[in-house]
Amino acid sequence: MSLFLSLPYTFHREVMPLLDPHQVVHWAIDDPYFRQILNLVKIPAEKLTWNFKERFYISIEFDGLAPIKFYIPDWLPRYSKTKKTEPIDTWSLKFEIMKHKPVTRRNPFYENVAMPTRESIPVGTTKMELMEAVTNYLREILRIKKYSVASYHSKSIDFFNCFIWRVAGKFESVEFTSPKSPELGRSCEELKMLQEKQEIEKLSIHFRNTKNQHGFTSPLKRKLVTIEDSEFIQLDSILHSESSQVTVLRSKFNGIDVNTIIKHWMNGGLNNLELLRLKLDKMTNADDVFNDIEVVPTSTKPHSLAVGVTRFYWTHSVDIRRSCDGRLATIFYTGSKIFDFYIWKN
């Protein structure tokens, strides 16, 4: 190792990306001088994901390899009585590498896990402050291509104002489940924030307290959008959507609303749309859905986005074609609560 470290920077720049990234990260954790070199060279990482779940951790993915997870100790407080004025010095952080077996029968393999040592964490540090410090630590040694975040039910973080929005210019995916709390029922405002913040390719949200919310009418903008408990989503939000794939679960739409969406597409609207999936609260009448719409039994194979739909069930679908550009759409709807609208490319 000492001979390797003594070699010139040009050698490290060429060789470092060829090494096993797991081993490189381990070396950086064990050897401060190696980390100093890596700070100049930086190896590529496919994705960094922040996870704010029951346990806070950061997942680093490398091409074709299992991720390395940096766990935040559970014993750290979630809140601090006094706000720190100085950020945590990343050079003071020390990590322990361990093999951790997930508590699940489906995944019998050991994960690569790193955790900051108790001695290296400043007194009074909160979980979120350490998450930010570990993020900075990783960004100093890695060239990260993509960012993602998953936040579930956490009342202990100010999700919409935390450090991740300063770090990532754009997100591959954002998964957000709000806490179920009466004082936090701001679904429309929060969805608006997620539409206006940095570029997000895939947005999956579950607002758990949507009663008495004002209707959300703004167009959906993200490329892939999934919304659960979506009774606050209004029809205009769907009709003027700019997204390519939209899934709306537990919606209050009825058969007449679905008919309006189909006719809007037939009249030249929703040009970006490839898939619309609606899971309705109540059964609807097929006559309402297809009123004044000419449909024929499908002559197509299952659409590439029709995950889980067998060829047999696909035969229950119907095709429609719009006259303005000749585009074909297939509707998979059998009078149930689920309505799937697949649009084919020309």
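Ser-59 counts as buried because its relative accessibility is 6%, below the 20% cut-off for that class. This serine makes a handy starting point for a tour of the chain, which is shown here as a predicted model. The chain has 346 residues, and 48% of them are buried. Its secondary structure comprises 11 helices and 15 strands.

**Around Ser-59**

- Ser-59 sits in strand β2, which covers residues 56-61.
- Leaving aside residues up to four places away in sequence, Ser-59 touches Lys-47, Leu-48, Thr-49 and Asn-51. Pro-67, Ile-68 and Lys-69 are also among the residues that Ser-59 touches.

**The chain as a whole**

- Of the contacts between residues at least 6 apart in sequence, 59% join residues at least 24 apart.
- About 18300 Å² of the chain is exposed, and 50% of that area is supplied by carbon and sulfur atoms.

**Where helices α3 and α4 meet**

- Helix α3 spans residues 21-30 and helix α4 spans residues 32-41; their axes come within 5 Å and cross at roughly 125°. That crossing angle is why α3 is described as oblique to α4.
- On the α3 side, the residues in this contact are Val-24, Trp-27, Ala-28 and Asp-30. They meet Pro-32, Phe-34, Arg-35 and Leu-38 of α4.
- Sorted by class, the contact of α3 with α4 has six nonpolar residues, two charged residues and no polar ones.

**Aromatic rings**

- The chain's count comes to 19 aromatic pairs.
- One of these pairs is Trp-50 with Phe-171, a tilted arrangement with 6.2 Å from centre to centre and 55° between the planes.
- This pair links distant parts of the chain: Trp-50 belongs to strand β1 (residues 43-52) and Phe-171 to strand β7 (residues 170-177), 121 residues apart.
- Trp-50 counts as buried because its relative accessibility is 0%. Phe-171 is buried too, because its value is 3%.
- Trp-265 and Phe-341 form an edge-to-face pair, with centres 5.6 Å apart and 90° between the planes.
- That second pair also links distant parts of the chain, with Trp-265 in helix α9 (residues 255-266) and Phe-341 in strand β15 (residues 338-343), 76 residues apart. Both Trp-265 and Phe-341 are buried.
- Ring pairs also build a cluster that includes Trp-50 and Phe-171. Linked into this cluster as well are Tyr-147, Phe-159, Phe-160, Phe-163, Trp-165 and Phe-176.

Note on methods
Residues are numbered from 1 along each chain as its sequence is written. This is a predicted model: local features need pLDDT of at least 70, side-chain atom pairs count only at pLDDT 80 or more; totals for chains, interfaces and linings use all residues. Side-chain values use heavy atoms; hydrogens and water are left out. Helices (H or I, at least four residues) and strands (E, at least two) are DSSP runs, numbered from the N terminus. Buried means under 20% relative accessible area, exposed over 50%, partly exposed in between (1.4 Å probe, protein chains only). Contact means heavy atoms within 4.5 Å. Accessible areas come from the Shrake-Rupley method with a 1.4 Å probe; for residues, only the protein chains shown count as cover. Axes are lines fitted to C-alpha atoms, for helices over the stretch in contact, and angles run from 0 to 180 degrees between N-to-C directions. Angles under 35 degrees count as roughly parallel, over 145 as roughly antiparallel, 65 to 115 as roughly perpendicular and the rest as oblique. Ala, Val, Leu, Ile, Met, Phe, Trp, Tyr, Cys and Pro count as nonpolar, Asp, Glu, Lys and Arg as charged, and the others, Gly among them, as polar. Rings of Phe, Tyr and Trp (its six-membered ring) pair if their centres lie within 6.5 Å; planes under 30 degrees apart count as stacked, over 60 as edge-to-face and the rest as tilted.
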